[in-house]
Amino acid sequence: MMYETVIKGGTCVTASETFVADIGINKGRIAALGADLDGADIIDARDRLVMPGGIEAHAHIAQNSATGGMTADDYTSGSISAAFGGNSCIIPFAAQHRGMGVTETLDLYDSRAQGASVLDYSYHLIVSDPTEKVLTEELPAAFKRGITSFKLFMTYDKMLVNDEQFLEVLTVAKEHGALTMVHAENAGMIKWMTDRLLARGLKAPKYHALSHPALAEEEAIHRAICMAKLVDAPLLIVHVSTPQGAALVQNARHAGAKIYGETCPQYLFLTRDDMDKPGMEGAALMCSPPLRDTATQEVLWTHIQSGTFDVVSSDHSPYRMDDTGKLANGPDAPFTVIANGMPGIGARLPMLFSEGVGKGRISLNDFVALSSTNAARLYGLLPQKGTLTVGADGDIAIWDPSAKGVISVDNQNDACDYSPFEGWQVTGLPMTVLSRGKRVIENGKLLAKPDHGQFLPRAKFDSSGRAGYRAPELDPAQNFGANIAP
Ligand code: DUC
Ligand code: ZN
Ligand code: ZN
């Protein structure tokens, strides 16, 4: 049998196993794993690691912020940077702003992504205006379209939902089999801290980090988890940045609740001290939740090791350090009007590999789980994406584990004008990335066109394996027969 493409002699790594095999690919899919496979096109992978391509499941691309700014990356530059960073699939956000319908929002993002991405893509829907029509008509229509995850905000005046709205969205999500994601920070605490800082003239970018105290995350994560438990709905806490927040996720998980967790490289590798720079320089590292401290980094690593976090995502939110991005409100703007977020879609996997696998903090299999397989499972893409199995898409990243590099804005291939990880030395780099069997990048060259990427309708969320939580008040047997469970 002659396969169209064969990846030969590599060390294949999945979330559970490491083994030497050839991989045969036909018609964009893995057709065989075996020995001595023949192919029309042979990729020599001896001394290489052959892994499922990364799935970047938290990125802001071609997205308008609530304050009107636009991310620096569109689907072309964002997906290219992702591919050079070892990813074969991206799931950015489609943001509903107040007054917009959900269908209108998804149509808008389709128009931005179609024909523009070198990688397959889907979106998580950000819901900021859960009207009756959205809850009863538009969210069900979104599920039919294959959008099976969405994000709620507990902060930002123009985006946040209140607790009742949160519960309504969780209920609809549960009914349709969707996963809700949440940005959990207490809005009131942030406003109170901000007022006190500004009243004292403390408006430089570094003070943004103080305006978002760790307690604001702790309180909101606790509240979000309680709401998810009341509805017994699955909930993913995104970009967890504090030990207290991680402990809440861990405890809920241990208790069987359908709670999942994500953290990001910036919370593992940077601290708020890195923002202590002259002028507006610190704005480059302004993000929400903010950077914390070195003690936090160590605790977050232990949570990665013990399974609190299902995914490590970049939270790529690229704004240039010019008047199109961070400096849109002038060179002296207070931190309250500077766009939040930093780029990182291309650096996520080299950083996680080098600092995680290379420094013995996680295994190769953990790396695959955290970077690809778990995202595929959470977001309804497994086994099409996220693993190496017969029938899966030929979405494969071939890494040289001993290649050395230095992270720099010059090699991120995105549209931003800085990298938060500038100068980090990494060992282990992706050399070739295949998407549905086609080379997207190889040895530093881009080989795919922006019309290669396709929209991926996603399956329902599967929360099997978690017992869930039954609020006593929702058990008719304990409550005079009243049945109000969602
Ligand atoms: N939340 C994100 O997920 N990304 C950027 C900023 C934010 O608030
Ligand atoms: Zn967020
Ligand atoms: Zn984000």
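K151 is a buried residue in this predicted model, with a relative accessible area of 2%. Because burial is taken to mean a relative accessible area under 20%, K151 falls within that class at its value of 2%. The residue belongs to strand β10, which covers residues 149–153. Its side chain takes part in the binding of a metal: the NZ atom of K151 is one of the protein donors of the zinc ion (ligand 2).

The other protein donors of this zinc ion (ligand 2) are H183, through ND1, and H239, through NE2. Together with K151, these donors lie 2.1 to 2.3 Å from the ion. Along the chain, the donors are arranged with the spacing K-x31-H-x55-H. K151 and H239 thus connect distant parts of the chain, being 88 residues apart. Whereas K151 sits in strand β10, H239 is placed in the loop between β12 (235–237) and α8 (243–254). Is H239 buried or exposed? H239 counts as buried, because its relative accessibility is 2%.

A second metal ion accompanies this one. The zinc ion (ligand 2) and the zinc ion (ligand 3) are separated by 4.1 Å. Which residues coordinate the zinc ion (ligand 3)? Its donors are H58 and H60, each through NE2, and D315 through OD, at 1.9 to 2.1 Å. The spacing of these donor residues in sequence is H-x1-H-x254-D. H58 is part of strand β6 (residues 54–59), while D315 belongs to the loop between β14 (311–312) and α11 (348–357), so H58 and D315 tie together parts that are 257 residues apart in sequence. Both H58 and D315 are buried; for D315, the relative accessibility is 7%. The backbone of D315 also deserves attention, for this residue has a positive phi of about 50 degrees although it is not a glycine.

Several of these metal-binding residues reappear in the surroundings of ligand 1. This ligand is surrounded by H58, H60, K151, Y156, H183, H239, S288, D315 and S317. Where do polar atoms of the protein approach it? A polar side-chain atom of K151 is 2.6 Å from an oxygen atom of ligand 1, and a polar side-chain atom of H239 is 3.2 Å from an oxygen atom of the ligand. For H60, the distance from an N or O atom in the side chain to a nitrogen atom of ligand 1 is 3.0 Å.

Two further residues around ligand 1 have notable backbone geometry. Y156, in the loop between β10 and α4 (163–176), has a positive phi of about 75 degrees although it is not a glycine. Y156 is partly exposed, with a relative accessible area of 29%. At S288, the peptide bond leading to P289 is cis, with omega near -10 degrees. P289 is located in the loop between α9 (265–269) and α10 (294–306). Another cis peptide bond runs from L382 to P383, with omega near 5 degrees, and P383 lies in the loop between α12 (364–378) and β15.

Strand β10 also contains F150, which is buried with a relative accessible area of 1%. In strand β7 (residues 87–95) one finds N87. This residue counts as buried, because its relative accessibility is 0%. Which polar partners does the side chain of N87 have? A polar atom of this side chain lies 2.9 Å from the backbone oxygen of A82, and a polar contact of 2.7 Å joins the side chains of N87 and R348.

The account closes with a pocket. The second largest pocket encloses about 350 Å³ of space. It is lined by 18 residues, of which F84, N411, N413, L429 and P430 are the closest to its centre. The elements that contribute two or more residues to this lining are α1 (75–84), β15 (396–406) and β16 (425–435). Among the elements, β16 gives the most, with four residues. What is the character of the lining? It divides into nine nonpolar and nine polar residues, with no charged ones.

Methods. Residues are numbered from 1 along each chain as its sequence is written. Chains are lettered from A and ligands numbered from 1 in the order in which they are written. This is a predicted model: local features need pLDDT of at least 70, side-chain atom pairs count only at pLDDT 80 or more; totals for chains, interfaces and linings use all residues. Side-chain values use heavy atoms; hydrogens and water are left out. Donors are N, O and S atoms within 2.8 Å of the metal (3.2 Å for Na, K and Ca); water is not among the atoms, so sites may look incomplete. Buried means under 20% relative accessible area, exposed over 50%, partly exposed in between (1.4 Å probe, protein chains only). On a 1 Å grid over the protein atoms alone, a cavity is a set of points where a 1.4 Å probe fits but cannot get out, and a pocket is an open set with protein on both sides within 12 Å along at least five of seven lines; lining residues have an atom within 4 Å of a point. Grid points are joined across faces, edges and corners, and a volume is the space filled by probe spheres set on the points. Ala, Val, Leu, Ile, Met, Phe, Trp, Tyr, Cys and Pro count as nonpolar, Asp, Glu, Lys and Arg as charged, and the others, Gly among them, as polar. A residue is near a molecule or strand if one of its heavy atoms lies within 4 Å of it. A polar contact is a pair of N or O atoms within 3.5 Å; within protein, one must be able to donate a hydrogen and the other to accept it, and residues adjacent in sequence count only if both atoms are side-chain atoms.
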